[in-house]
Amino acid sequence: MVRPPLTPQERLRGEELGRLLRQARGERSIIEVAAAAGMSAETLRKIETGRIATPAFFTIAALAVVLDVPLDRLAAGAAPAVPT
């Protein structure tokens, strides 16, 4: 299955999500956090750099638990901008 290309807005949202996750991870190693969340370090690295801009809900939920960040904070920080 071929995925359609990401829109600029989706890319920005992915980058913001990555920034929030890196900030929440702090000094902990990417390997430690990824293992605790049940994913590979490469997957977490891709999410944090925005290369996976739309990760699965359960992936983000697992990271929220491991990083002790409310899921709604991650959702609000990475929500698409609403045009005014």
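# Close-up views of a predicted model

**Figure 1. Glutamate 42 is partly exposed, at 34% relative accessibility.** The model shown here is predicted. Glutamate 42 pairs with arginine 45 in a salt bridge, and their closest N and O atoms are 3.0 Å apart. Both residues sit in helix α3, three residues apart, so about one helical turn separates them. Arginine 45 is partly exposed too, with a relative accessibility of 35%. Glutamate 42 also forms a salt bridge with arginine 51. In that pair the closest N and O atoms are 3.3 Å apart. Arginine 51 is exposed, with a relative accessible area of 53%. Together, Glu42, Arg45 and Arg51 make up a network of salt bridges. Side chains of opposite charge can pair when their charged atoms come close.

**Figure 2. A salt bridge joins glutamate 48 and arginine 25.** The N to O distance between the two side chains is 2.8 Å. Glutamate 48 belongs to helix α3, and arginine 25 belongs to helix α1, which covers residues 8-25. The pair therefore ties together parts that are 23 residues apart in sequence. Are these two partners buried or exposed? Glutamate 48 has a relative accessible area of 5%, so it is buried. Arginine 25 is buried as well, with a value of 15%. The cut-off for buried is under 20%. Across the whole structure, a search finds four salt bridges.

**Figure 3. Helices α2 and α3 pack at an angle of about 105 degrees.** Helix α2 spans residues 30-37, and helix α3 spans residues 41-48. Their axes lie 8 Å apart. The angle makes α2 roughly perpendicular to α3. Which residues meet where the two helices pack? From α2 come Ile30, Ile31, Val33 and Ala34. From α3 come Ala41, Leu44, Arg45 and Glu48. Two of these α3 residues have appeared in earlier views: Arg45 is in the salt-bridge network with Glu42 and Arg51, and Glu48 is bridged to arginine 25. Two packed helices are described by the angle between their axes and the distance between the axes.

**Figure 4. Arginine 22 contacts Glu48 and Thr49.** These contacts leave aside neighbours within four places in sequence. Arginine 22 is a residue of helix α1. Its relative accessible area is 35%, so arginine 22 is partly exposed. How far is its C-alpha atom from that of arginine 45? The separation is 9.4 Å, for two residues 23 apart along the chain. Glu48, one of the contacts of arginine 22, is the buried residue of Figure 2.

**Figure 5. Leucine 67 is buried, with a relative accessible area of 7%.** Leucine 67 is part of helix α4. Where does the chain come back to meet leucine 67? Beyond neighbours within four places in sequence, its contacts are Leu21, Ala24, Arg25, Arg28 and Val33. Arg25, on this list, is the partner of glutamate 48 in a salt bridge. Val33, also on the list, is among the α2 residues that meet α3. Leucine 67 and valine 33 are 34 residues apart in sequence. In space, their C-alpha atoms are 7.6 Å apart.

**Figure 6. Proline 5 and valine 33 lie 29 Å apart, C-alpha to C-alpha.** The two residues are 28 residues apart in sequence. Proline 5 is found in the segment before α1. It is exposed, with a relative accessible area of 73%. Valine 33, in α2, is the residue that leucine 67 contacts in Figure 5.

**Figure 7. Aspartate 68 has a positive phi.** The angle is near 55 degrees, in a residue other than glycine. Aspartate 68 occupies the loop between α4 (57-67) and α5. Is aspartate 68 buried or exposed? It is exposed, with a relative accessible area of 70%.

**Figure 8. Three residues form a nonpolar patch on the surface: Phe57, Phe58 and Leu71.** Together they have about 350 Å² of accessible area. Leucine 71 lies in helix α5, residues 71-77. Leucine 71 counts as partly exposed, because its relative accessibility is 31%.

Definitions and conventions
Residues numbered from 1 in each chain as written. Predicted model: local features only at pLDDT ≥ 70, side-chain atom pairs only at ≥ 80, totals over all residues. Heavy atoms only, no water. Patch = residues over 30% accessible without salt bridge, like charges linked within 9 Å, V, L, I, M, F, W, Y side chains within 5 Å. Areas by Shrake-Rupley, 256 points an atom, 1.4 Å probe, with all protein chains shown as cover. Helix = DSSP H or I, 4+ residues; strand = E, 2+ residues; numbered from the N terminus. Buried < 20%, exposed > 50% of the residue type's maximum accessible area, 1.4 Å probe, protein only. Axes fitted to C-alpha atoms, helices over the stretch in contact; angles between N-to-C directions. Parallel < 35°, antiparallel > 145°, perpendicular 65-115°, else oblique. Contact = heavy atoms within 4.5 Å.
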